[in-house]
Amino acid sequence: MHIEEILARKARPDVVTIGPDETVRTLLGVLASHGIGACVVSPDGSRLAGIVSERDVVRRLHTDESLLDLEVGEIMTPAVVTCGPEATVDELMTIMTERRIRHVPVLRDGVLAGIVSIGDLVKHRIDELAFERDQLEAYVHQT
Ligand code: AMP
């Protein structure tokens, strides 16, 4: 299956972004209010400047007293791993596992078109397994 189809099935297909000049305090509010673990960092809502996840915050908590007042641009990861809508679920699972990341923004013709999290991929896998189980059960009961 292609990532395009995963995006189409998402209940909330929009990408939550935050400006690089916003504070970490604001970031935590955005993550909490949207119930998400990462934000794409963008100065205008479409250009990609980086990505910032709850891990970027947690990993600095024990050393940085002023963490909440830092700017998002200071803690984000600027080199973002992205994919296109034609990437497959298997390809993305491999990328997430090897790079140890749980969020991959999707670019269509270089423009931000969505974001896929490891949770989206796990949900897809569970749906697929449930479908196969139902098919097998139906087959067994027919014979
Ligand atoms: P995550 O597992 O997505 O919570 O992120 C773990 C670490 O990888 C954090 O430092 C993130 O900033 C970084 N990260 C998350 N997603 C990406 C991505 N698509 N490209 C590059 N770095 C990422």
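In this predicted model, Val 41 of strand 2 stands opposite Gly 50 in strand 3, and the two strands, the latter spanning residues 50-53, run antiparallel and are joined by 4 bridges. Val 41 also serves as the bridge partner of Ile 18, which brings strand 1 into the picture: strand 1, made of residues 17-18, pairs with strand 2 in the parallel sense over 2 bridges. Between these two parallel strands the chain passes through helix 2, residues 24-34, and together strand 1, helix 2 and strand 2 make a right-handed β-α-β unit.

Strand 2 itself, residues 38-41, is covered on both faces. Ala 38 and Val 40 are buried on one side, while Cys 39 and Val 41 are buried on the other.

Turning to the ligand, one finds 15 residues surrounding it, the closest being Asp 56, Thr 77, Val 81, Arg 102 and His 103. Ser 53 places a polar side-chain atom 2.8 Å from an oxygen atom of the ligand. For Thr 77, an N or O atom of the side chain is 2.7 Å from a ligand oxygen atom, and a polar side-chain atom of His 103 likewise lies 2.7 Å from an oxygen atom of the ligand.

Further along the chain comes helix 6, residues 118-142, whose 25 residues reach 36 Å from the first C-alpha to the last, close to the 36 Å expected at 1.5 Å a residue. Within helix 6, Asp 120, Leu 121 and His 124 are buried, and the elements that cover its buried residues include helix 1 (3-9), helix 5 (89-99) and strand 5 (111-117).

Note on methods: Residues numbered from 1 in each chain as written. Predicted model: local features only at pLDDT ≥ 70, side-chain atom pairs only at ≥ 80, totals over all residues. Heavy atoms only, no water. Buried < 20%, exposed > 50% of the residue type's maximum accessible area, 1.4 Å probe, protein only. Pairing = 2+ DSSP bridges. Right-handed = clockwise from strand over helix to strand, strands pointing away. Expected span 1.5 Å × (residues − 1). Contact = heavy atoms within 4.5 Å. Near = heavy atom within 4 Å. Polar contact = N/O pair within 3.5 Å; in protein donor to acceptor, adjacent residues only side chain to side chain.
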